[in-house]
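Reader: I'd like a close look at one part of this protein, namely its sheets and the helices that lie against them. Could you walk me through that, with a bit of context to start?

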Amino acid sequence: MLSVRNVFIFFKFLVFIAALLPFYFLLKVIFFFWNSSLFSLLNVKRDLWDILIFSFQTDIASIILINFIVIFLMMGAILQPGRKRVIFLKIAYWWAIVINSLGFALNIIDIGYFKFNKERSTTGLLSVFTGSLSSARSIISIYWPLFILFLIVAILLALLLKSFFKTFLITNQLNIKQEFVSGLLTVSFLFIMVRGWHNGLLIPATPLLKVSPANLPLAQNSIHNFLYSIVRTQNQLQKKDYFTPQQISAILTTDRVMGGEANKMIKKNVIIFILESFSRDYFQPGNPYRAITPFFDSLMSSSTYYPNAFANGATSNQGIVSILAGLPPFIDEPFYYSTYANTKMETIGDIFKKKGYNTNFFMGAGEDHFGFGKFCKMIGIDHYYGRKAFNDDRYYDGNWGIFDEPFLQFGIRELNKRSTPFFSVFFTISSHPPFTIPEKYKLKFNYPGQSPAQHSISYVDYAFRQFFDSCKNTSWFKNTLFVFSADHWLGPDDGAIWSPVFSSAIPIFIFDPANPVGKVDSIIAGQVDIIPTVLDKLNYSGQYTGFGRSLLDPTFTNRYVVNRMNSIHQVITDRFVLGYNEPLEKVEYLYSYSGDPELKRNLADDPEYRGEKEALERTIRANIQQYNNRLLKRSLYNE
C-alpha cells in the first residue's frame with residue numbers, strides 16, 4: 001500500500017539524483033566554452049532548446065546508471081537497525097564518492113580531449129589513457145585548470161554527499177512491505193529515466209532526432225557514451241597509411257566540386273524511392289526469381305536502367321546511408337549510431353535547401369524506425385512522415401507499418417501541399433519479410449509458382465502503378481526526376497544462394513517524364529553513385545562530399561562498387577570481385593565472376609591474374625584508408 005512514508009523515501013532518492021545534475025550542467029557549459037571554436041554559435045542557438053532537453057535526459061540516465069549500487073545500498077540501509085545501518089551507509093557513501101568522481105573525471109577529460117577525437121569518450125579512451133601515462137607530467141602542465149576543476153567538484157561532491165547521507169541515519173526503519181513499495185517506486189522511476197521517453201532506448205545517438213550532428217556532443221554525457229560503447233562494442237577505426245596524401249588523392253577523393261554551370265541549376269523536383277529488400281533477380285528475364293511486375297517493366301523501358309548495379313550496404317540502415325550520404329558501410333553498426341556520427345560532410349538535404357528546395361522523408365513505419373529519424377536530421381531532411389502522420393491504422397500491416405499503396409497515396413497528398421521544388425525520399429516497407437499483402441489483394445497477387453516474396457514485389461509494383469496514375473496529372477509531375485534503388489539485396493526465398501557478388505546485385509534506374517527515352521547503361525553502378533548522378537543531371541555546380549561518382553561522368557572509366565560482406569571488404573568491377581581481409585591485411589579471394597558465376601575458382605594466388613589482383617587491392621585499400629582516416633578526422637572535406 002502506498003503511504004506518505006513510502007513517498008518520502010522515494011522523494012529522497014529523487015533529491016539524490018537532482019543534487020548531482022548541477023555538476024553535469026556546469027561541466028557541459030565549461031565543455032562548450034573550452035571547445036567553442038569547434039561549434040557554430042548560430043547552430044548552437046538554433047538547437048539550444050533541444051540540446052538542453054536531451055542533455056537533461058542523458059545526464060539523468062548517466063547518474064542513475066553509475067549509481068545503481070549506491071541507490072540499492074541506501075534502500076537496504078533503511079531496513080537495518082542501528083549500527084548495521086551505519087555500515088550500509090558508509091559503504092554507500094564512499095562508493096558514491098568514488099563512482100561519481102570517476103563520472104566527473106570522464107566528462108572533464110572530454111573537455112580537453114574533445115579537440116583531438118571530436119567525440120565523447122568510448123572504451124577507446126582506455127587505450128589512450130594507458131598510452132599517455134608516460135606523458136602525464138606534460139599533460140598536467142597543459143591542462144592544469146582541468147585538474148583543479150576536478151578537485152573542486154570532487155570536494156563539493158564529498159561535502160554534498162556527507163550532508164545527504166546523514167539524513168538516512170535519522171530515517172525511520174521500514175518493514176519489508178514498506179520497503180517493497182518504496183523500492184518498486186524507485187526501480188520503476190529509474191527504469192523510465194534510463195530508457196528515455198522516446199521510441200526506443202535512449203542511446204548516445206538519440207539526440208540526433210532533434211539536434212544537428214555538429215552539436216551532438218553538447219547533448220551527450222561522457223558516462224552515457226562510455227557505458228554504451230561497452231554494451232555495444234564497435235572496434236575503433238585504425239588510421240591507415242597505405243598511400244601518401246598525394247597518392248591517395250589521385251586514387252580517390254571524398255570532396256569534389258561538381259562541374260555544372262554556376263547559377264544554372266535545373267530546378268527539378270527529385271524523388272528517391274528506396275525499395276525495401278529488392279533483388280535484381282526480380283527484374284531479370286529468365287531468372288527463376290523473376291516477379292510479375294508489369295508496371296515496373298513499363299517504367300524501366302522509359303528509364304535509364306543500370307543492370308550491373310550493386311548495393312554498398314547489406315542492411316536497410318547501411319543502404320540508406322550509402323544512398324543518401326554516399327558512405328560505404330565499413331563499420332559494424334549504422335553510421336548514425338557510431339562514434340563518428342558528427343563527421344562533417346556536405347549533406348544532401350543542405351545542398352538542396354541552399355537551392356530553395358523543401359526536403360521530406362516518407363516511410364510508413366513508426367517514428368524513427370531503424371533510427372531513420374535521426375539520420376534524416378543528420379543529413380538535413382526537415383520533414384519526416386511516418387505511420388503517426390498517416391494517422392489511420394486501418395491500413396496497418398500488423399508488422400512494420402502502413403501498406404505501401406495507401407502510404408504512397410498519402411505522400412502525394414502531402415507533396416501537393418508543399419511548395420516546389422522539393423527533394424523527397426520514399427522508403428517502402430511492404431516487400432519486407434514476412435511479405436504481408438492487404439487482405440483484399442491476397443487473391444489478386446497469389447500468382448502460381450511465385451514465392452511470398454515475389455507476391456509482395458507484385459503488390460509493390462501495383463502500389464507504384466497507383467502512385468504514378470495519381471501523380472501524373474499533378475502540376476509537379478513532369479518536372480520531377482524519379483530515382484529507384486533497393487536498400488539492399490535479399491534472397492527471394494530460403495533457397496536463394498548467398499554469393500559475395502550476386503548477393504549485392506540490386507536494381508537502380510532513373511525515370512524522367514520530361515525525357516522518357518529508354519536506355520540500358522551497362523556500367524558498374526553503386527548506391528553511393530546515386531546522389532552525385534542526380535546532382536549532375538540537375539547541372540549542379542558546387543561542393544559534394546562522398547565516396548560516389550556521377551554515373552554520367554565520362555572521365556571516370558574504371559568503375560567499381562565497394563561493400564563489406566561478413567567482415568570482408570569487397571571491390572566489384574565489371575569482371576572481378578576481390579575480397580580483402582583488413583585486420584590481416586591480405587586478399588582472401590579474387591573471382592572472375594563474369595566467366596565463373598558460381599565462383600568456383602579463386603584466382604588470388606594465380607600468377608596470371610597478379611595484375612588484376614594488385615590493381616583491385618590498391619582500390620580497396622584506398623577506400624579503406626579514406627574511410628578510416630576521414631572519419632577519424634571527423635571530416636570528409638579536403639583540409
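Author: Let's start with the whole chain. Of the protein's 639 residues, 58% count as buried, meaning under 20% relative accessible area with a 1.4 Å probe and protein chains only. This is a predicted model, where local features need pLDDT of at least 70, side-chain atom pairs count only at pLDDT 80 or more, and totals for chains, interfaces and linings use all residues. Residues are numbered from 1 along each chain as its sequence is written, and side-chain values use heavy atoms, with hydrogens and water left out.

How far can you trust it? The protein averages a pLDDT (the predictor's confidence in each residue, from 0 to 100) of 87, and 88% of the residues score at least 70. Go carefully with residues 1–7, where the pLDDT is below 50. That stretch still has twelve contacts in the model beyond near neighbours in sequence, a contact being heavy atoms within 4.5 Å.

Secondary structure comes to 20 helices and 16 strands. These are DSSP runs, numbered from the N terminus: helices are H or I with at least four residues, strands are E with at least two.

Now the sheets. One is an open sheet of eight strands with mixed pairing, in the order E6-E5-E7-E2-E8-E9-E3-E10; two strands pair if DSSP finds at least two bridges between them. Its edges are strand E6 (383–385) and strand E10 (519–520), each pairing on one side only. At the E10 end, strand E3 (residues 304–306) pairs with E10 in the parallel sense over two bridges, and Thr304 has Lys519 in E10 as its bridge partner. Towards the other edge, helix H17 (residues 404–417) lies across E6, strand E5 (358–363), strand E7 (422–427) and strand E2 (269–275). H17 runs at about 165 degrees to E5; axes are lines fitted to C-alpha atoms, for helices over the stretch in contact, and angles run from 0 to 180 degrees between N-to-C directions.

The other sheet to look at is open too, with four strands in the order E13-E14-E15-E16 and antiparallel pairing. Strand E13 (561–565) and strand E16 (586–591) are its edges, each pairing on one side only, and the twist averages 20 degrees from one strand to the next. Strand E15 (residues 577–581) and E16 run antiparallel, joined by five bridges; Tyr580 has Val587 in E16 as its bridge partner. Helix H20 (residues 610–632) packs on this sheet, touching E13, strand E14 (568–572), E15 and E16, and its direction makes about 55 degrees with that of E15.

Methods: Buried means under 20% relative accessible area, exposed over 50%, partly exposed in between (1.4 Å probe, protein chains only).
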